[in-house]
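I am opening a notebook on a structure that is new to me, and I want to write down what I look up in the order I look it up.

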Amino acid sequence: MKKAFAAALAFAVACAAAQGQEPKFDPETGLPASPGFAFPADGQLAPFWAKRISGDITTSDGVKLRYTALLPKATGKFPVALTLNGYDAGSIGGSAYLKNQTSMSVAFDKRLIEAGYAVMGVSTAGTGCSEGRLEYTRPQLGRHGAEAVEFAAAQAWSDGKVGMVGASYSGSSQLATAQNRPPHLRAIVPGMVLTDYRDAMSPGGVPAPGFLTPFRVIFRTYWSQLVTQTAKEEGDENCLKQIQKNLAAEDTNSVMNLFVSHPLRDDYLDTFDLARHADRVNVPVLSFEAFQDQAITPRSGHYQSKLDRTKLWLVQSNGRHDLYLASAFQTLALRFLDRFVKGTDNGFERDTPRTTVWMEAFDTDGAPLDRLASPQARWVLQKPSIRASDLLLKEFHLGTGGVLADKAGSGPADGFDYPGAGVAVNDIVANSFWGPLPDNWKTTSLAYTSAPLANDTMVYGPGSADLWVAATGGDADIQVTVTELRPDGQETYVQRGWLRLSNRTLDTERSTPLLPIHLERADQLMPLLPGQPVFARVEINKMGHYFRKGSRLRIWIDTPSQTGGLVFDTFTQKQRVHVLHNAKYDSLVRLGVLNDVKGPSAYPECGKVMLQPCRPDPVTGP
């Protein structure tokens, strides 16, 4: 674990540096101190609400959850927009909040209040000022969320109609709450949902501890700085004491503890998976996800496929974890809430497509994570609900000479030295870049490239790299990267997927041609025998990318490397990994293609598309 710890610590320090902070060192130990987290500060707003109410919700299991509600400048009773998370939701309204130093979207809260909603935030158990044990996405989250909904509906200032909003942790809590079907919940707007902590800790079974340390730093900093600041402003000694208790408890109950104590799936870890019971959600859902989400990936257990399609509207985009802040999405979300929470007949069902994909989205101003940034789509794809059966299966077979062809390849297997350094793409704070190629990249990676595409091709949804591999060690980790090679010689990043080869056993009942699902349990692991070919399906994360006629599709195979916030701790046995491609051992990549899509003929400007960086083609070169 020394390698993993070093990578995680270095990455946390790098995050601080990216935020403009200098790493500090503990004078006693000489070790780098916790780098903290720089919160955005866009200038302080004046309070935009009429009344602020704070207190505690006592749950049925005796836990006191801190809440704060901001009421509109109007008379009467109000529908409630509820947010539940483990950052600072229960302490909104202080000076830090008015400086945009918050997990909430102040701009959206302001729009909601001006539209006649009461905005209410609740801190989950064991976070901020709330009592209890922090259990992340375990069943407690949904039970407490449902009780918070009913509490909000019963307040004297509430009209009994409750909707839920928010992204990331605030998105996960919505899915958890809705599964419990609280009677007064009318609709949810979850964004960038993490349904399964296994996806963040070990995607494809490859440990990724580099994500967990920055997550913990940010998590704890919200309590120790922002929530503490608000409590001090209010003279709330009970809150200050609870924060210290929660910080101490998190030391032995963190996601890093979970990562170390449950390296594989087991019955306990399965209780963190919100997607298992997503079919219990029975309220309208407006879901948002980003394909290159640098924090949690877009996988989310594919929970949307389990929802009632007559109650689901899906918005997707290239780009980053914070796109929920985009003004265009929040305008849509407000119309959705007006329709299904307020009950206003505003035509939402009639004029809103079930699937909206922002294509080639870019920032019009501001920097990544700037709360004033206004991401926009270069063009928009709108469709009815898209089912797996609506997609054409496009197969690209690996062949000799680094080609992707329409039929099975031939010739000797290709090999690469493992482990290699890999190539980084993007970072946790949403900077978009290709990292440098290592000096030995030609021996530590494989690239397969198609002929120029004869037609414009809209690749959509997850994909699968179905590979026959042989290795000289007992295990290895594989990374598959999809790129577009443009006629101008620029290579554009599209998507990635990962697999620890010993984790290759499939859940045959749930897997599909485009979506391999692995069991990931200890009794299902299958080590490799040296030199013996094995069949391994690598899940490539969801994507929505328009390959124009004349472009070529490329597949890279190498060692997992930094991708956004994912920093991997790979299997380290030095060896040679071979990829086979012949009639008997046919390695191929399978992608879903959405027909009848016509985008603009001109390519987007390189460097402008969010989290889809370009680089000069390293294979053919100038």
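These entries go from the whole chain to its sheet, its helices, its aromatic rings and a few single residues.

**Entry 1: the whole chain**

I note at the outset that this is a predicted model, and I read every value below with that in mind. I counted the secondary structure and found 13 helices and 24 strands in the protein chain. I then looked up the radius of gyration, which is 24 Å and close to the 25 Å that the globule rule gives for 622 residues, so the chain is as compact as a globular protein of that length. Along its principal axes the C-alpha trace spans about 75 × 65 × 45 Å. For burial, I found that 61% of the 622 residues count as buried. Among the contacts with a separation of 6 or more, 79% come from residues 24 or more positions apart.

**Entry 2: the open sheet**

I followed one open sheet of 10 strands and wrote down its order as β1-β2-β4-β3-β5-β6-β7-β8-β9-β12, with mixed pairing. Its edge strands are β1 and β12 (379-383), each of which pairs on one side only. Neighbouring strands in this sheet are turned against each other by 20 degrees on average, with direction ignored. Looking at one pairing inside the sheet, I found that β3 (residues 78-85) and β4 (residues 118-123) run parallel and are joined by 6 bridges, and that N85 stands opposite S123 in β4.

**Entry 3: helices lying across the strands**

I looked next at helix α5 (residues 169-179), which lies across β3, β5 (158-167) and β6 (185-191) and runs at about 130 degrees to β5. Is this helix enclosed or open to the outside? I found that 11 of the 11 residues of α5 are buried, so the helix is largely enclosed by the rest of the structure. What covers its buried residues includes β3, α4 (139-154), β5, β6 and α7 (212-234). Just after α5, I noted that R181 takes a positive phi of about 55 degrees.

Helix α11 also lies across strands, namely β3, β5, β6, β7 (285-290), β8 (312-317) and β9 (355-359), and it runs at about 165 degrees to β6.

**Entry 4: aromatic rings**

I searched for ring pairs and found that the structure holds 31 aromatic pairs. In one of them, the rings of F48 and Y97 have their centres 6.4 Å apart and their planes at 40 degrees, so the pair is tilted. F48 lies in the loop between α1 (2-18) and β1 (51-58), while Y97 lies in helix α2 (residues 95-98), so the pair ties together parts that are 49 residues apart in sequence. Both F48 and Y97 are buried.

The rings of F336 and F340 have their centres 5.1 Å apart and their planes at 55 degrees, so this pair is tilted. These two residues are 4 apart in helix α11 (residues 327-342), and are therefore separated by about one helical turn. I recalled that an α-helix has 3.6 residues a turn, so residues three or four places apart point the same way. F336 counts as buried at 0% relative accessibility, and F340 is buried with a relative accessible area of 15%.

I also wrote down one aromatic cluster, formed by Y87, Y136, Y169, Y197, F211, F215, F219, Y222, W223, Y268 and F272. One of its members, Y169, is also among the buried residues of α5.

**Entry 5: charges over rings**

I looked up two arginines that sit over rings. The charged end of R548 sits over the ring of Y603, 5.3 Å from its centre, and R615 lies over the face of W434, at 3.7 Å from the ring centre.

**Entry 6: strand β22 and residue V494**

I turned to strand β22 (residues 575-580), which runs antiparallel to β15 (residues 414-418) and is joined to that strand by 5 bridges; here D414 stands opposite V579. Strand β17 (residues 457-471) also runs antiparallel to β22, with 4 bridges between them, and W468 stands opposite L580.

My last look-up was V494, which lies in strand β19 (residues 490-500) and is buried, with a relative accessible area of 1%. Which residues does V494 contact, leaving aside its neighbours within four places in sequence? I found Q292, V482, T483, E484, M543, H545, F547 and Q612. The C-alpha atoms of V494 and G166, 328 residues apart along the chain, are separated by 26 Å.

How values were computed. Residues are numbered from 1 along each chain as its sequence is written. This is a predicted model: local features need pLDDT of at least 70, side-chain atom pairs count only at pLDDT 80 or more; totals for chains, interfaces and linings use all residues. Side-chain values use heavy atoms; hydrogens and water are left out. Rings of Phe, Tyr and Trp (its six-membered ring) pair if their centres lie within 6.5 Å; planes under 30 degrees apart count as stacked, over 60 as edge-to-face and the rest as tilted. Buried means under 20% relative accessible area, exposed over 50%, partly exposed in between (1.4 Å probe, protein chains only). A charge sits over a ring if NZ of Lys or CZ of Arg is within 6 Å of the ring centre and within 35 degrees of the ring normal. Two strands pair if DSSP finds at least two bridges between them. Axes are lines fitted to C-alpha atoms, for helices over the stretch in contact, and angles run from 0 to 180 degrees between N-to-C directions. Contact means heavy atoms within 4.5 Å. The radius of gyration is taken over C-alpha atoms; the globule rule is 2.2 Å times the number of residues to the power 0.38.
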